[in-house]
Amino acid sequence: MFAKKMLGGVLSLSWALGLVASTAASAGPLDGNSSDVMLQGFHWRSTETSPWWGVIQGKASDIKASGFTMVWFPPSGDSAAKEGYLPRQLYVQNSSYGTDAQLKSAIGALHTYGVKAIADIVVNHRVGTTNWADFTNPTWGSWSVVKGDEWTSATGNYDTGDGFSAARDLDHTNGTVQSDLKGWMNWLKSSIGYDGWRYDYVKGYGGSYVGGYNSATVPYFSVGELWTDLNLNDVNPHRQLIMNWINATGGNSGAFDFTTKGILQQAVQYNEFWRLKASDGKPQGAIGWWPAKSVTFIDNHDTGPSSPSGGQNHWPFPSDKVMQGYAYILTHPGIPCVYWVHFYDWGHAAAIKSLIAARKEKGVTSTSAVNIVAADTSKYAAIITGNTGSLAMKIGSGAWSPGTGWTLVNSGTNWAVWKQ
């Protein structure tokens, strides 16, 4: 869901790192040292190919062979918007993407190959079945909507995050809302087959509620979409907000690394590769502070270009430099997420597969160490130490090589990756 407003309350780096060190982590990939790689299994126009669940099912074998361990599904429930982001009847899993039976078949096909299915959970807001807030399945009253919502009959408590004008903002402080959401999410696991959650628009409600939902549902993986304004010349407040949100979940969820996306696309577009190295010598994005909880990406259904396919064009990565982006995120710490369009529609599958294979071969994980050896106006280069070897990478037009003893994995226009 597209939303880009700055949240207040930037806290100091020293405070963030101190709390990071003491916060308990969740189970699964977010514990750290994860070798998971996620595929975003859709784009904004996926409903135009019906049933989309059949497309995912048909790709299950290839998804596994390509090295992906998780697939992020679009919102699969009944919705007032065909893309799924205006949820209506939560327990109805027939949608513009296909029937509930087709959904289960797609998830089952992935499970056959050991690939996890991640549900897109939209719990910030909801729409009524026929009007403002006649919620059914489950049935909720005016008490479930926050005070001050556009629906003037709302009687809940005040919102714990930013408002969302296109639907009724839910009152996550309400015990019934909480228990019903937990019950529904556990049903998505037990009856539909989902393994984890991607939380939509998490700046709309307090992060502690995500922590509670995860504690009650024990997902294999969890990631939140916290999209706020980025000041390229002062990125610390931006990634501090990501840290604050992860901390608010009790360390029970990761978050998308919007900081890395922003500075990486600025770097490759304007030869400002120096932006990728922080003053402490570490990567400048969220992966420089808490890589185990950071999910890196180049584009998604919101940010990606509308042409040649698939996105809403809200904040696109330069289309001719996409592989520079993947050379970065597929060699660096964090948990990488590859966009369906880049992989299946733009002809980058072979190159991306080779980078995923090298990542796994050399044991590069979400918490691998990075030695940045160049970050200037023509190039960025780094050596990443894995559990069973190392990767070296370079992006930008400037010349650089790791030297003797390295084998080239793959290369293209202004990017190269080696292994040792």
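**Reading the fold and helix H5**

Q: Why does a radius of gyration of 21 Å agree with a compact globule in this protein?
A: The value is set beside the one expected for a chain of that length. In this predicted model, the protein has 420 residues, and a compact globule of that length would have a radius of gyration near 22 Å, so the 21 Å found here agrees. Along the principal axes, the C-alpha trace spans about 70 × 50 × 35 Å.

Q: How many helices and strands are in the protein?
A: The protein contains ten helices and 15 strands.

Q: What share of the residues is buried?
A: Buried residues, those under 20% relative accessible area, make up 60% of the 420 residues. The protein exposes about 14300 Å², and 49% of that area is supplied by carbon and sulfur atoms.

Q: How far apart in sequence are the residues that contacts join?
A: Take the contacts between residues at least 6 apart in sequence: 70% of these join residues at least 24 apart.

Q: Which residues of helix H5 are buried, and what covers them?
A: Helix H5 runs over residues 207-217, and its buried residues are Gly207, Tyr209, Val210, Gly211, Tyr213, Asn214 and Thr217. Their cover includes helix H4 (175-192) and helix H6 (236-248), along with strands E6 (196-199) and E7 (222-224).

Q: What phi does Val218 take just after H5?
A: Val218 has a positive phi of about 45 degrees.

Q: How far apart are the mean positions of the positive and negative charges?
A: The protein has 30 positive and 30 negative charges, and their mean positions lie 7 Å apart.

How values were computed:
Residues are numbered from 1 along each chain as its sequence is written. This is a predicted model: local features need pLDDT of at least 70, side-chain atom pairs count only at pLDDT 80 or more; totals for chains, interfaces and linings use all residues. Side-chain values use heavy atoms; hydrogens and water are left out. Buried means under 20% relative accessible area, exposed over 50%, partly exposed in between (1.4 Å probe, protein chains only). Helices (H or I, at least four residues) and strands (E, at least two) are DSSP runs, numbered from the N terminus. Contact means heavy atoms within 4.5 Å. The radius of gyration is taken over C-alpha atoms; the globule rule is 2.2 Å times the number of residues to the power 0.38. Accessible areas come from the Shrake-Rupley method with a 1.4 Å probe; for residues, only the protein chains shown count as cover. Lys and Arg count as positive and Asp and Glu as negative; His and the chain ends are not counted. The place of a charge is taken as NZ of Lys, CZ of Arg, CG of Asp or CD of Glu.
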